[in-house]
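Colleague: Got a minute to go through this one with me? I would like the chains and then the contact.

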Amino acid sequence: MSDEAAGLPEGILAHHFSSLDRQNEAMKLGMWLFRSTDILLFAGLFTGYAVYRFQFQLAFTECSRHLNITLGTLNTVVLITSSFTVAMSIHFARTDHPRAAAICLALTILFALGFLGIKAVEYSEHFREHALPGKYYASEEVKVAVVAGMSVLSWLLWRTLQGRYSSRYYTGLELGGLYWHLVDLVWIFLYPLLYLI
Amino acid sequence: MAESALPSDKLHSPDDRHEEHGHSAVPYLVVWIALLFFTALTYVTGTMHLGGWALPLALSIACIKSAMVALIFMHLKESSGATRLVFVTALVFLALLMFFTVADVATRFKPATPAGAPFGTERSQPEGLLEHEMPAEE
């Protein structure tokens, strides 16, 4: 096991794993478990949405008309593209192109900022229209996930620039990718449910 | 001895690792373009006012899109059985929660609308009501 970890940056293989492969599998499984609990969290929110939409269809239709479809569609494209750049950064790390991987990660962070920027424009519109139910109604789940994702991505960018990810080890990057893609997955459903009623 | 090894040990033997260089970016590009296409399709069909078919269609497209993200972007296609099982279990419980809740709500007696409520509990909008009530829209 020590020769397997040889040549890798220090501290990658934890002492309690017999091999890097087992550690990679355990890490991925752990990340999928975490993302699955997130799916279940969103399951509750989506179910609440379904119940209220069933009961107050007219209100949902009317409220949806106050949303800017152009900005919503733009945000969908931004998030999809950011998912693509994360996937590409893992691909580049995997094929030993650390510089390209870092560029893709940086692009992803920019797209995440773009997403938040577009959201900010939308919310300032709602604020002007007095369409928000309260002063602090900004803590929407997706945005929390985006901010958390950006922190993860920035950290991964730092590690990539340090040259920690290569064809021999890229699981850390892969886990960050898994985190980010789920934001995209949720938004894929939110887009037609919120904007296109 | 061989039986005690995890499947992953066989999947990623040290010899395999060199083949990472042959890893192709083409599937990611294809999925990205497909996702953009399906987003456009969601937008076009979503603004066509298809009535009762709009929601099932939009959700079907969303399911196709998320399947592509999960399988290709999230590498579920090449993942081990355990990670797939975790994801599928989450989806099963999501389906259980959604199905029984929506089935319950959908088959209840229609509640009465309180007098003076801005929005009723009616399931579909009466003809021409929105145009009457919301002249500010145009």
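**Chains and contact**

Modeller: Chain A has seven helices and zero strands. Bear in mind that this is a predicted model.

Colleague: What pattern does chain A follow along the sequence?

Modeller: Chain A reads α-α-α-α-α-α-α. Its C-alpha trace spans about 65 × 30 × 25 Å along the principal axes.

Colleague: How much of chain A is buried?

Modeller: Of the 197 residues in chain A, 35% are buried. Among contacts in chain A with a separation of 6 or more, 76% are between residues 24 or more positions apart.

Colleague: On to chain B. How many helices and strands there?

Modeller: Chain B has six helices and zero strands, and from the N terminus its elements run α-α-α-α-α-α.

Colleague: And what share of chain B is buried?

Modeller: Buried residues are 14% of the 138 in chain B. For contacts in chain B between residues at least 6 apart in sequence, 43% join residues at least 24 apart.

Colleague: Now the contact. How many residues does each chain put in?

Modeller: Chain B gives 51 residues and chain A gives 48 residues.

Colleague: Which helices of chain B supply at least two residues each to the side that touches chain A?

Modeller: Those are α1 (7-11), α3 (26-46), α4 (54-73) and α5 (81-106) of chain B.

Colleague: Which one has the largest share?

Modeller: α5(B), with 14 residues of the side of chain B that touches chain A.

Colleague: What is that side made of, by class?

Modeller: The side of chain B that touches chain A has 26 nonpolar, 18 polar and seven charged residues.

Key. Residues are numbered from 1 along each chain as its sequence is written. Chains are lettered from A and ligands numbered from 1 in the order in which they are written. This is a predicted model: local features need pLDDT of at least 70, side-chain atom pairs count only at pLDDT 80 or more; totals for chains, interfaces and linings use all residues. Two residues are in contact if their C-beta atoms, placed from the backbone, lie within 7 Å. Helices (H or I, at least four residues) and strands (E, at least two) are DSSP runs, numbered from the N terminus. Ala, Val, Leu, Ile, Met, Phe, Trp, Tyr, Cys and Pro count as nonpolar, Asp, Glu, Lys and Arg as charged, and the others, Gly among them, as polar. A residue is buried if 20 or more other C-beta atoms lie within 10 Å of its own, exposed if 12 or fewer, and partly exposed in between; C-beta atoms are placed from the backbone.
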